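Please work through the following exercises with the sequence and the coordinates open beside you. Each one sets a task and then gives a solution in steps.

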Amino acid sequence: MDSIAYVNGSFVPLSDAKVSVLDRGFLFADGIYEVSAVLDGKLVDNASHLARLERSVGEIKLKLPETVGRITEIQKELIARNKLANGLVYLQVTRGADTGRDFPFPKGDVKSSLVMFTSEKDIVNAVSAKTGINVITVPDIRWERRDIKSVALLAQVLAKQAAAEAGAGEAWMLEDGFVTEGGSSTAFIVTQDDVIVTRQNSNAILPGCTRKAVMALAEERQLRVEERAFTVAEALAAKEAFITSASSFVQPVVAIDGKQVGGGKPGPMATRLREIYVEFAKATGV
Ligand code: PDD
């Protein structure tokens with residue numbers, strides 16, 4: 001059965017959910033997106049995602065067509081209408097459809113377009129969380145404002161396709177000899193003396209919501225966290241590696257470019273952080 005999507009004020013079957021070919025998201029990737037996890041029917045860390053949405057749209061001078069409060073209501077209604085227990089809510093806002101294809105912003109009163117849909121995914125019981133995933137490395141060919149959660153994802157599409165063809169679960173992108181982040185996740189390592197290392201936020205990476213929550217949860221537990229860039233060589237010499245994202249929570253990485261990390265098995269730190277995050281997600285969902 002068709003799930004229900006939201007398109008500019010209406011709840012419609014997904015197969016009927018359509019926007020204009022003149023939509024600037026379609027023509028120019030002139031839009032922003034967010035992905036929030038749903039656990040036991042509740043949104044996980046959603047305020048953090050909507051705060052990042054507000055920041056992203058601000059950076060590209062795009063006005064949200066609804067308040068964040070209303071967007072939250074729509075997300076919840078969509079979860080209810082789809083009876084979604086575990087999965088993801090995808091949300092996309094674009095600069096709307098003008099009367100033709102013109103690069104500058106529309107001059108008239110063109111309303112931005114808001115689209116949402118859901119997908120089912122059992123993130124908590126994902127097999128890959130137990131086995132860990134392999135990652136491959138690819139050059140980071142993206143633009144210089146990766147802090148903006150833009151729908152322009154071609155570089156990530158190509159990176160993740162290369163990973164899929166190599167039988168890997170994620171691609172880590174490299175720039176100037178350092179890992180920036182995963183195609184759709186934040187990259188972490190755990191050093192031999194148990195320091196959790198992840199790259200500092202900057203224009204070079206997306207400020208991950210899961211990254212932020214995991215770091216705060218780790219620090220609350222007196223675990224040592226360091227924000228700095230790391231190389232693949234460091235990752236291979238590390239005790240553990242893992243990724244974080246709304247769609248995977250915390251996932252151990254057990255190999256990079258076919259070379260084992262942490263003995264090729266999920267490590268205790270990634271396993272513990274995953275448990276802690278799931279506990280947090282269950283306790284704070286709305
Ligand atoms: N991706 N880095 C990139 C490039 C991402 O696309 C994502 C999320 C993350 C992790 O961010 P968060 O923890 O807030 O999900 C980091 C989403 C899940 C996606 O594109 O599907």
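The exercises below concern a predicted model, and they go from single helices to the domain interface, the salt bridges and a few individual residues.

**Exercise 1. Check the length of helix α5 and decide how its buried residues are arranged around the axis.**

Solution. Begin with the length: α5 comprises the twelve residues 154-165, for which a rise of 1.5 Å a residue predicts a span of 16 Å, and the C-alpha atoms at its ends are indeed 16 Å apart, so the two values agree. Next, list the residues of α5 that fall under the 20% limit for burial, namely A155, Q156, A159 and A163. These residues cover an arc of only 95 degrees around the axis, and therefore they lie on the same side of α5. An α-helix has 3.6 residues a turn, so residues three or four places apart point the same way. The partners of this buried side are the strands β7 (133-139) and β8 (170-175), against which the buried residues of α5 pack. On the face turned away from the buried side, the exposed residues are L154, L158 and E165. Finally, look past the end of the helix, where G167 follows with a positive phi near 75 degrees.

**Exercise 2. Repeat the analysis for α3, and then describe the residue with positive phi that follows the helix.**

Solution. For the 14 residues of α3 the expected span at 1.5 Å a residue is 20 Å, which agrees with the 20 Å between its end C-alpha atoms. The buried residues of α3 are I71, T72, I74, Q75, L78 and I79. Viewed down the axis of α3, they fall within an arc of 160 degrees, so they line one face of the helix. After α3 comes K83, with a positive phi near 50 degrees, although K83 is not a glycine. Most residues other than glycine have a negative phi. K83 belongs to the loop between α3 (68-81) and β5 (87-94), and its relative accessibility of 73% makes it exposed, because the limit for that class is over 50%.

**Exercise 3. Describe how domain 1 and domain 2 meet.**

Solution. First fix the bounds, which are 4-120 for domain 1 and 128-284 for domain 2 according to the domain assignment. The centres of the two domains, taken over C-alpha atoms, are separated by 26 Å. To the contact, domain 1 contributes 21 residues and domain 2 likewise contributes 21 residues. The area buried between the domains is about 1800 Å², with 64% of it on carbon and sulfur atoms. As a last step, search for charged pairs, which gives two salt bridges across the interface of domain 1 and domain 2.

**Exercise 4. Among the salt bridges of the structure, examine the pairs E175 with R146 and E227 with R211.**

Solution. The search of the whole structure finds 18 salt bridges. In one of them the side chains of E175 and R146 meet, at 2.7 Å from N to O. This pair links distant parts of the chain, since E175 is in strand β8 and R146 is in the loop between β7 and α5, 29 residues apart. The accessibilities place the partners in separate classes: E175, at 24%, is partly exposed, whereas R146, at 6%, is buried. Turning to E227 and R211, their closest N and O atoms are 2.6 Å apart. Here E227 is in strand β12 (residues 224-227) and R211 in helix α6, 16 residues apart. E227 counts as partly exposed at 42% relative accessibility, while R211 counts as buried at 3%.

**Exercise 5. Characterise the surroundings of L43.**

Solution. Start from the location of L43, which is strand β4 (residues 42-43). Its relative accessible area is 0%, so L43 is buried. Leaving aside neighbours within four places in sequence, the contacts of L43 are S36, A37, V38, Q75, K76, I79, V89, G285 and V286. Two residues of this list, Q75 and I79, are also among the buried residues of α3. A further relation across the sequence is that to K282, which lies 239 residues from L43 along the chain, with 9.4 Å between their C-alpha atoms.

Conventions:
Residues are numbered from 1 along each chain as its sequence is written. This is a predicted model: local features need pLDDT of at least 70, side-chain atom pairs count only at pLDDT 80 or more; totals for chains, interfaces and linings use all residues. Side-chain values use heavy atoms; hydrogens and water are left out. Helices (H or I, at least four residues) and strands (E, at least two) are DSSP runs, numbered from the N terminus. The expected span of a helix is 1.5 Å times one less than its number of residues. Buried means under 20% relative accessible area, exposed over 50%, partly exposed in between (1.4 Å probe, protein chains only). The arc is that of the directions from the helix axis to the C-beta atoms. Contact means heavy atoms within 4.5 Å. Buried area is the accessible area (1.4 Å probe) that two parts lose on being put together, summed over both. A salt bridge is a side-chain nitrogen of Lys or Arg within 4 Å of a carboxyl oxygen of Asp or Glu.
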